[in-house]
Amino acid sequence: MGWNHSDAGIGAKMGMFLFEALNELYEDYPVGYEGETKTGDYFRFIVPTIYATIKDIPEELRKYIVVSDSLDFTKDRLLDNNKISDYFTRMYSE
């Protein structure tokens, strides 16, 4: 089984955090999370061991990256879907 096209590969090979949206299957059930959740929230699913930088993203894709000055991806486990625009306030620019 190849790592390049799996969820685990995003953390292990690409150095990126992976959040998955809660849906009917996961609502109120991200394993190990004690707080309240609702459909549409995002929970941290993969934590990388080595972190990627913006230079690891192809230059032509960087203009599509949104930036958060308030999130700490190493600590924040659940993102409230109603606050996405508050978390990500600007587009990346060099």
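**Salt bridges, rings and confidence in a predicted model**

Trainee: At 59% relative accessibility, does Asp 69 count as buried or exposed?
Mentor: Bear in mind that this is a predicted model. The cut-off for the upper class is over 50% relative accessible area. Asp 69 has 59% relative accessibility, so the class for this residue is exposed.

Trainee: Which residue forms a salt bridge with Asp 69?
Mentor: The closest N and O atoms of the pair are 2.9 Å apart, and the partner of Asp 69 is Arg 90. This pair links distant parts of the chain, with Asp 69 in the loop between β3 and β4 and its partner in strand β5, 21 residues apart. The partner is partly exposed, with a relative accessible area of 40%. The name you want is therefore Arg 90.

Trainee: Which residues do salt bridges that share partners join into one network?
Mentor: Let's start with one bridge, in which Lys 38 pairs with Asp 80, the closest N and O atoms being 2.7 Å apart. This pair links distant parts of the chain: Lys 38 lies in the loop between β1 (18-21) and β2 (42-46), and Asp 80 in the loop between β4 (78-79) and α2 (84-87), 42 residues apart. Lys 38 is partly exposed at 28% relative accessibility, and Asp 80 is partly exposed at 21%. The network joined through shared partners is made of Lys 38, Asp 41 and Asp 80.

Trainee: Glu 94 forms a salt bridge with Arg 62, so how far apart are the closest N and O atoms?
Mentor: The pair links distant parts of the chain, Glu 94 being in the segment after β5 (90-91) and Arg 62 in the loop between β2 and β3 (66-67), 32 residues apart. Glu 94 is exposed, with a relative accessible area of 70%, whereas Arg 62 is buried, at 11%. The salt-bridge rule asks for a distance within 4 Å, and the closest N and O atoms of Glu 94 and Arg 62 are apart by 3.6 Å.

Trainee: How many salt bridges are there by this rule?
Mentor: Side chains of opposite charge can pair when their charged atoms come close. The Lys 38 and Asp 80 pair is one example. By this rule, the salt bridges come to a count of five.

Trainee: Leaving aside its neighbours within four places in sequence, which residues is Ile 84 in contact with?
Mentor: Ile 84 sits in helix α2 and is partly exposed, with a relative accessible area of 26%. Once neighbours within four places in sequence are set aside, the contacts of Ile 84 are Tyr 42 and Leu 79.

Trainee: Phe 43 and Phe 45 form an aromatic pair, so what is the angle between the planes?
Mentor: A search of the whole structure finds four aromatic pairs. In the pair of Phe 43 and Phe 45, which is edge-to-face, the centre-to-centre distance is 6.2 Å. Phe 43 is buried, with a relative accessible area of 8%, and Phe 45 is partly exposed, at 39%. The angle between the planes of Phe 43 and Phe 45 is 90°.

Trainee: Which residues do ring pairs link into a cluster?
Mentor: Aromatic pairs can share rings, and here ring pairs build up a cluster. The members of this cluster are Phe 17, Phe 19, Tyr 51 and Phe 73.

Trainee: Where in the chain is confidence highest?
Mentor: The mean pLDDT of the chain is 85, and 90% of its residues reach 70 or more. Confidence is lowest in helix α1 (residues 7-12), at a mean of 76. Confidence is highest, at 96, in α2.

How values were computed. Residues are numbered from 1 along each chain as its sequence is written. This is a predicted model: local features need pLDDT of at least 70, side-chain atom pairs count only at pLDDT 80 or more; totals for chains, interfaces and linings use all residues. Side-chain values use heavy atoms; hydrogens and water are left out. A salt bridge is a side-chain nitrogen of Lys or Arg within 4 Å of a carboxyl oxygen of Asp or Glu. Helices (H or I, at least four residues) and strands (E, at least two) are DSSP runs, numbered from the N terminus. Buried means under 20% relative accessible area, exposed over 50%, partly exposed in between (1.4 Å probe, protein chains only). Contact means heavy atoms within 4.5 Å. Rings of Phe, Tyr and Trp (its six-membered ring) pair if their centres lie within 6.5 Å; planes under 30 degrees apart count as stacked, over 60 as edge-to-face and the rest as tilted. pLDDT is the predictor's confidence in each residue, from 0 to 100.
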